[in-house]
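Please walk me through this protein model, one piece at a time. I am new to reading structures, so explain each term when it first comes up.

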Amino acid sequence: MKKIKSIYLFSVLLIAFCSFISCDEIAESDYLKPIENSDWLGQRVLIEDFTGMNCTNCPDASRIAHGLQELYSGKVIIIAEHINRSVSRTLGSPDSMTCRAGYDYADKYADKGKASLPTGMINRKNSSSTSKLYDRGVWAEETYKQLFVEPTFNLDIKNTFNVSSRELKINVSATPLKNMDVNYNLVVLITESDIIAYQAGSIEGDNYKHQHVLRTSVSSSAGDSFISGLVSKGFSVTKQYNIIIPQRWVGGGLEPKAGGLAVPENCSVVAFISDPSDDTIIQVAEAKVVN
């Protein structure tokens, strides 16, 4: 059954990629093959999908990202970052899936939100000397490459959620895998899945199920200072955050009732260590808010 499932996923992704790059190029590569756990060294990959509700090609990009996440189970993490600029509802509008952190990332990495969508980042690695954006046609290849990078840290998240008070305690622990001298930041974000809303380009229309939507940043969007100086193999560094999950997301501090509903059971914490010198992601992890 597992082999059949892998073949099916391979076929779905192959069809999608043939829309953007030649079938000859696909045939010459093997980056869509499943990775055995014995071959994987522990490096996870974050796909940041810049998307929008009025973007007709964005559902296709989402299918590619989720196909990779299913193919490489437990190794790939997705954040769907809805940005305005004519493709999403205005920041803080009713049932908006935009948020201040998403705007920050769009401004910094996606030409202030003017980049052609869909597009995305893979562990925030440079795709060129001036950009971190990758066309969805190469997401599979770049994801596969990053999965085989030898990790320098393990990263773990432990969440404790109080249902009555809606208080969430987040404990992030990073463990060096070798002795190093580093300067890294920690970014902690909250995403929400299973949001039913409109999506252009989908057969579901108003009943499209949006997944992994970036809702808010717990740390600063650029990241908080986390690890600086000499670290020793095996000695963990931890940081804790406390946040109240609101009844509604506030959409960047605008009208309190403007954002979409917040459903803790559908939310996850995504945390990653990044290098502030170039913003590349060193390691990433994800954990449900309600276990």
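Start with one pair of residues: S173 has T238 in β11 as its bridge partner. Helices (H or I, at least four residues) and strands (E, at least two) are DSSP runs, numbered from the N terminus. A little further on, A174 is partnered with V237 in β11.

Before going on, note what kind of model this is. It is a predicted model, where local features need pLDDT of at least 70 and side-chain atom pairs count only at pLDDT 80 or more, while totals for chains, interfaces and linings use all residues. Residues are numbered from 1 along each chain as its sequence is written, and side-chain values use heavy atoms, with hydrogens and water left out.

Now widen the view to the strands. β5 covers residues 167-176, and its antiparallel pairing with β11 runs over eight bridges. Two strands count as paired if DSSP finds at least two bridges between them. β5 also pairs with β4, again antiparallel, through ten bridges. In that pairing T160 is matched with K169 of β5. β4 and β5 make a hairpin with four residues between them. R166 sits in the turn and has a positive phi of about 65°.

Put these strands together and you get an open sheet of three strands, in the order β4-β5-β11, with antiparallel pairing. Its edge strands are β4 (153-162) and β11 (237-244), each pairing on one side only. On average, neighbouring strands of this sheet are turned by 15° against each other, direction ignored. Axes here are lines fitted to C-alpha atoms, for helices over the stretch in contact, and angles run from 0 to 180 degrees between N-to-C directions. What holds such strands together? Strands of a sheet pair through backbone hydrogen bonds, either parallel or antiparallel.

Is β5 mostly covered or mostly open? It is mostly covered: seven of its ten residues are buried. Buried means under 20% relative accessible area, exposed means over 50%, and partly exposed lies in between (1.4 Å probe, protein chains only).

Strand β6 holds N185. N185 counts as buried because its relative accessible area is 14%. Leaving out residues up to four places away in sequence, N185 touches several others, including A222, G223, F272 and P276. Contact means heavy atoms within 4.5 Å.

Next, look at helix α4. Its buried residues are A101, G102, Y103, Y105, A106 and Y109. They pack against β1 (45-51), β2 (76-82), β3, β6 (180-192) and β9 (213-217). Just after α4 comes D111, with a positive phi of about 55°.

Charged side chains add further links. A salt bridge is a side-chain nitrogen of Lys or Arg within 4 Å of a carboxyl oxygen of Asp or Glu. By this rule there are eight salt bridges. One of them joins R136 and D60, at 3.0 Å from N to O. This pair links distant parts of the chain, 76 residues apart: R136 is in the loop between β3 (119-122) and α5 (139-147), and D60 is in helix α3 (residues 58-71). R136 is buried, at 9% relative accessibility, and D60 is buried at 19%.

Another salt bridge joins D279 and K108, at 2.8 Å from N to O. Here the partners are 171 residues apart: D279 lies in the loop between β12 (267-274) and β13 (281-288), and K108 lies in helix α4 (residues 100-109). Is each partner buried or exposed? D279 is buried at 13%, whereas K108 is exposed at 53%.

Helix α5 holds a salt bridge of its own. K145 and E141 both lie in α5, four residues apart, about one turn of the helix. Their closest N and O atoms are 3.8 Å apart. K145 is partly exposed at 44%, and E141 is partly exposed at 26%. Elsewhere, salt bridges that share partners join D60, R63 and R136 into one network.

Y144 is also found in α5, and is buried at 17%.

Finally, check the confidence. pLDDT is the predictor's confidence in each residue, from 0 to 100. The protein's mean pLDDT is 86, and 82% of its residues reach 70 or more. Over residues 1-12 the pLDDT is below 50, and this stretch has seven contacts in the model beyond near neighbours in sequence. Residues 14-30 are also below 50, with 22 such contacts.
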